[in-house]
Amino acid sequence: MHYAYPARKSSNPPPYLPRASRIPTIRRSHLRSIALFGVVIIVLIWLLSGGSKHGKRHTISGKPAVVVVTVFDDDDVSVYHRNIRENRMRYAEKHGYGTLLAKASDYDLGGSPASWAKVPAVRHAITKYPDCKYIWYLDQNAFIMNPHLKVEDYVMGASKLESSMLKDLPVVPPDSIIKTFTHLKGEDVEFVLSQDKEGLASGSFVIKNGEWAKFFLDTWFDPLYRSYNFQKAETHALEHIVQWHPTILSKLAIIPQRIINAYSSSDHGEQYKDGDIAVLFARCAGTRDKSCAKESERFSQQWRTSFSRA
């Protein structure tokens with residue numbers, strides 16, 4: 001007995017029947033609108049929370065043009081230090097500069113020598129005066145002697161730097177293989193200091209305010225460098241950084257010492273001469289005949305006379 005074969009399946013099956021529910025179709029049709037609405041909400045939240053302020057780079061107005069920074073020993077209220085404070089204030093007032101006169105204990109140095117305080121002090125000055133153009137750091141054992149000279153012109157003017165910067169110079173004398181750049185232009189300089197007979201002289205330097213300055217100061221103050229216990233603390237750390245970090249060397253100008261950092265004697269570097277902007281009492285001691293106060297006496301009346309005539 002033969003049975004009938006089952007019917008063959010069609011090679012053209014009917015299309016799928018639509019789902020009973022229309023919810024997925026509705027979701028697809030509104031997906032773009034929902035996504036756009038979500039983006040708008042996120043942007044509004046970001047704007048209301050002040051996000052646009054964080055994303056916008058601050059434009060420096062250059063007012064004040066310069067901030068003078070000096071760090072003093074803790075709790076020293078001697079006549080000598082009052083004299084130095086007055087010196088800084090009178091110079092700043094004459095040119096409309098800002099000042100930051102701090103104490104070493106104002107900053108957490110993590111057990112490092114007090115001389116390290118100059119680095120966070122300069123960083124502090126940038127925070128306090130975000131619109132300043134330059135920061136001039138000058139050690140406490142120094143007087144500003146010439147009130148007529150303005151840092152932004154006498155030291156940091158592009159043409160002045162072009163003529164004064166020492167190119168192809170060993171960073172650490174006499175025979176460092178790392179040398180200052182030969183093709184650096186004055187307008188590209190961000191950091192200016194000098195050398196004495198022993199190496200870089202960090203008792204007086206000028207740095208241009210900006211993102212590079214913040215990067216450099218944060219690098220200099222890195223706990224790793226402070227942990228090395230260099231013999232000359234922050235100065236030897238600076239020499240190390242400059243020699244091994246091209247990003248920093250490429251913005252550095254070394255200038256003749258007397259332009260910014262003349263010494264009261266020639267024992268350790270170039271000696272001060274009348275007309276120089278400042279005099280530093282290099283390697284002075286705390287007491288006795290070699291004390292900083294004693295060393296300053298022969299310059300104290302001189303700076304006052306110069307300022308009274310300015």
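Which residue in β2 does V68 stand opposite? The answer, T99, appears in the second view.

**View 1. The open sheet as a whole.** Welcome to a predicted model, in which local features need pLDDT of at least 70, side-chain atom pairs count only at pLDDT 80 or more, and totals for chains, interfaces and linings use all residues. Residues are numbered from 1 along each chain as its sequence is written, and side-chain values use heavy atoms, leaving out hydrogens and water. Here 6 strands (DSSP runs of E, at least two residues, numbered from the N terminus) line up as β2-β1-β3-β6-β5-β7, with mixed pairing. At the edges lie β2 (98-103) and β7 (252-254), each pairing on one side only. Two strands count as paired if DSSP finds at least two bridges between them.

**View 2. β1 beside β2.** Strand β1 (residues 66-72) pairs with β2 in the parallel sense, over 6 bridges. Within this pair, V68 stands opposite T99 of β2.

**View 3. A helix on the sheet.** Helix α3 (residues 79-95; helices are DSSP runs of H or I, at least four residues) packs on the sheet and touches β1, β2 and β3 (134-138). Touching means contact, with heavy atoms within 4.5 Å.

**View 4. β6 and its neighbours.** Take a look at β6 (200-208): 8 of its 9 residues are buried, that is, under 20% relative accessible area (1.4 Å probe, protein chains only). β3 runs antiparallel to β6, joined by 5 bridges, and Y134 has K208 as its bridge partner. β5 also pairs with β6 in the antiparallel sense, over 4 bridges; there F191 partners I207.

**View 5. The hairpin turn.** Between β5 and β6 sit 4 residues. G199 in this turn has a positive phi of about 150°.

Key
Axes fitted to C-alpha atoms, helices over the stretch in contact; angles between N-to-C directions. Buried < 20%, exposed > 50% of the residue type's maximum accessible area, 1.4 Å probe, protein only.
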